[in-house]
Amino acid sequence: RFSAARMADDLSAELKTFSSEYLIYFNNIGLEDQVDSGTYLECECLPCRDSYEYLPVMARFMRPLGKQCINMTGRFNRWGDFGSIRYEAALRYELAYGLANDLRPNIGDHLHPDGSLNEAVLHLVEKLYREFQACEAWFENMTPEAEIAVVYPKTQSNIRFDAELRAVTRMLEELNMQFNIVTMSSSWEQYKTLVFPDSVCFDVEISAR
């Protein structure tokens, strides 16, 4: 983890000597580990692979990190699946949910090996992007507010699929509560309520904070 983060820092520093306008993101390096080296953060989420409980957790983990966040879903059912097209309603729901949680929409695709474009895919993507473009005034330069923080002092690899986090996320959503998921690298001071899952051990630092 340390070596990967150091590599990201070195590459980012070199790229920025050429231009300050590059979009830089490192796939498979922890989001917290690239807050300084990356210029934005990305949540890669296909519900048919990750389930519909994945994005709600990741969105609330990404928001407190202070970077522009992208909600990357796919027009297909699985990565590398060139033949399928997701249902329009499913894509609209995922992108709208992401926007409600400050994640900008992104529909990923793979160019077919023969280089041909799929017209049906292009029409679907254009239709959805136009719908959300019309709503820009409602989310551009806006910041979501949360009064509750779920404290989870583990790494992103644990956060991705933790059953406790999925459960508490579902519970607080059903109660219509606004909340974030914070780790040791985040500030806790602005929240009125802190929630600690049962598995969190109160070490010296957590107890002091």
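This briefing describes a small set of features of the structure shown above. The model is predicted. Its topics are an open sheet of three strands, a helix that lies across those strands, the buried residue Tyr54 and a nonpolar surface patch that includes Phe18.

**The sheet**

- Three strands form an open sheet in the order β5-β4-β6, and their pairing is parallel.
- The edges of this sheet are β5, residues 179-182, and β6, residues 193-195, each of which pairs on one side only.
- On average, and with direction ignored, neighbouring strands of the sheet are turned by 30° against each other.

**Strand β4 and its partners**

- Strand β4 covers residues 148-151 and is joined to β6 by three bridges, the two strands running parallel.
- On this side, Val150 of the chain stands opposite Val195 in β6.
- Between β4 and β5 there are four bridges, and these two strands also run parallel.
- Here Ala149 is the residue that stands opposite Asn180 in β5.
- In a regular strand, side chains alternate between the two faces of the sheet.
- In β4, Ile148 and Val150 point one way, while Ala149 and Val151 point the other way.
- All four of these residues, Ile148, Ala149, Val150 and Val151, are buried.

**The helix across the sheet**

- Helix α8, made of residues 163-174, lies across β4, β5 and β6.
- The angle at which α8 runs to β5 is about 165°.

**Tyr54**

- Tyr54 belongs to helix α3, which spans residues 54-62.
- Tyr54 counts as buried because its relative accessibility is 1%, and the cut-off for buried is under 20%.
- Apart from neighbours within four places in sequence, Tyr54 is in contact with Cys43, Glu44 and Cys45, and also with Arg160, Phe161 and Arg166.
- Met177 is 123 residues away from Tyr54 along the chain, and the C-alpha atoms of the two are separated by 18 Å.

**The surface patch and Phe18**

- Leu15, Phe18 and Tyr22 make a nonpolar surface patch of about 320 Å².
- Phe18 is found in the loop between α1, residues 2-16, and β1, residues 41-44.
- With a relative accessibility of 61%, Phe18 counts as exposed, because exposed means over 50%.

Definitions and conventions. Residues are numbered from 1 along each chain as its sequence is written. This is a predicted model: local features need pLDDT of at least 70, side-chain atom pairs count only at pLDDT 80 or more; totals for chains, interfaces and linings use all residues. Side-chain values use heavy atoms; hydrogens and water are left out. Two strands pair if DSSP finds at least two bridges between them. Axes are lines fitted to C-alpha atoms, for helices over the stretch in contact, and angles run from 0 to 180 degrees between N-to-C directions. Contact means heavy atoms within 4.5 Å. Patches are made of residues with over 30% relative accessible area and no salt bridge: like charges are joined within 9 Å, nonpolar side chains (Val, Leu, Ile, Met, Phe, Trp, Tyr) within 5 Å. Accessible areas come from the Shrake-Rupley method with a 1.4 Å probe; for residues, only the protein chains shown count as cover. A salt bridge is a side-chain nitrogen of Lys or Arg within 4 Å of a carboxyl oxygen of Asp or Glu. Buried means under 20% relative accessible area, exposed over 50%, partly exposed in between (1.4 Å probe, protein chains only).
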